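Me: I am a first-year student, and I should like a close look at a single part of this structure. Please take one helix and explain how its residues relate to their surroundings.

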Amino acid sequence: MPDYLEIIDEPMDLTTISHKIDCHQYSTCEQYLADIELITSNALKYNPDRDPMDKLIRHRACELSDVAHSEIKSQLEPEFEKVRSRLWFRENYEKPKGF
């Protein structure tokens, strides 16, 4: 795919996601899902539905997104991610008292 980087501005792949998981680089589920969505959108952009192989790749990319979202939703308590996101925001963006 010599033209891939000419078409795709921000590449993402499952190996990179796996590495980020192993290195604890995701602070929230939203960050993980954003990378999954990036894979999906890149696949849809690079494979414009011209032939049967494009259709298969596009279908698999959407299936990846659906499964990832479903797995996250099924594994988390409904309020967990909301609380985690608020804590992460506070840790990273709110100034400590006294500043």
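**Helix α3 and its surroundings**

Reply: Cys-29 has a relative accessibility of 16% and therefore counts as buried, since the cut-off for that word is under 20%. The model is a predicted one, and Cys-29 is a suitable place to begin, as helix α3 covers residues 29-46. This helix has 18 residues and reaches 26 Å from its first C-alpha to its last, close to the 26 Å expected at 1.5 Å a residue.

Cys-29 is not alone in being buried. In α3 the buried residues also include Leu-33, Asp-35, Ile-36, Leu-38 and Ile-39. Further along α3, Thr-40, Asn-42, Ala-43 and Tyr-46 are buried as well.

Several of these residues belong to the largest nonpolar core, which has eight residues in all: Met-12, Ile-17, Tyr-26, Leu-33, Ile-36, Leu-38, Ile-39 and Ala-68. Helix α3 supplies the largest share of this core, four residues. In soluble globular proteins, nonpolar side chains tend to be buried together.

Ile-36 shows how a core residue of α3 meets other parts of the chain. Apart from neighbours within four places in sequence, Ile-36 is in contact with Ile-17, Leu-64, Ser-65 and Ala-68. Of these partners, Ile-17 and Ala-68 are themselves listed in the core.

Helix α4 (residues 52-75) also contains Ala-61. Ala-61 counts as buried because its relative accessibility is 6%. With neighbours within four places in sequence left aside, Ala-61 is in contact with Thr-40 and Ala-43, two of the residues of α3 that are buried. The C-alpha atoms of Ala-61 and Ile-17 are separated by 15 Å, and these two residues are 44 apart along the chain.

A further contact of α3 involves Asp-35. Its partner Lys-20 has its place in helix α2 (residues 14-22). Lys-20 has 18% relative accessibility and so counts as buried. Beyond neighbours within four places in sequence, Lys-20 is in contact with Met-12, Gln-25, Tyr-26 and Asp-35.

Tyr-26, one of those partners, counts as buried because its relative accessibility is 17%. Across the whole structure, a search finds two aromatic pairs. One of them joins Tyr-26 and Tyr-32: the ring centres are 5.8 Å apart and the planes stand at 85°, so the pair is edge-to-face.

The loops on either side of α3 each hold a residue with a positive phi. In the loop between α2 and α3 lies His-24, which has a positive phi of about 55° although it is not a glycine. His-24 is exposed because its relative accessible area is 71%. In the loop between α3 and α4 one finds Asp-49, whose phi is near 70°, again a positive value in a residue other than glycine. Asp-49 has a relative accessible area of 40% and is therefore partly exposed.

To return to the starting point, the structure holds zero disulfides. Cys-29 is accordingly in no disulfide, and the nearest cysteine sulfur, that of Cys-23, is 18 Å away. Cys-23 counts as partly exposed because its relative accessibility is 39%.

A word on confidence completes the account. The chain averages a pLDDT of 88, and 91% of the residues score at least 70. Confidence is highest in α2, at a mean of 96, and lowest in helix α5 (residues 80-93), at 74.

Technical notes. Residues are numbered from 1 along each chain as its sequence is written. This is a predicted model: local features need pLDDT of at least 70, side-chain atom pairs count only at pLDDT 80 or more; totals for chains, interfaces and linings use all residues. Side-chain values use heavy atoms; hydrogens and water are left out. The expected span of a helix is 1.5 Å times one less than its number of residues. Buried means under 20% relative accessible area, exposed over 50%, partly exposed in between (1.4 Å probe, protein chains only). Contact means heavy atoms within 4.5 Å. A nonpolar core is a set of buried Ala, Val, Leu, Ile, Met, Phe, Trp, Tyr and Cys residues joined through side-chain atoms within 4.5 Å. Rings of Phe, Tyr and Trp (its six-membered ring) pair if their centres lie within 6.5 Å; planes under 30 degrees apart count as stacked, over 60 as edge-to-face and the rest as tilted. pLDDT is the predictor's confidence in each residue, from 0 to 100. A disulfide is a pair of cysteine sulfur atoms within 2.5 Å.
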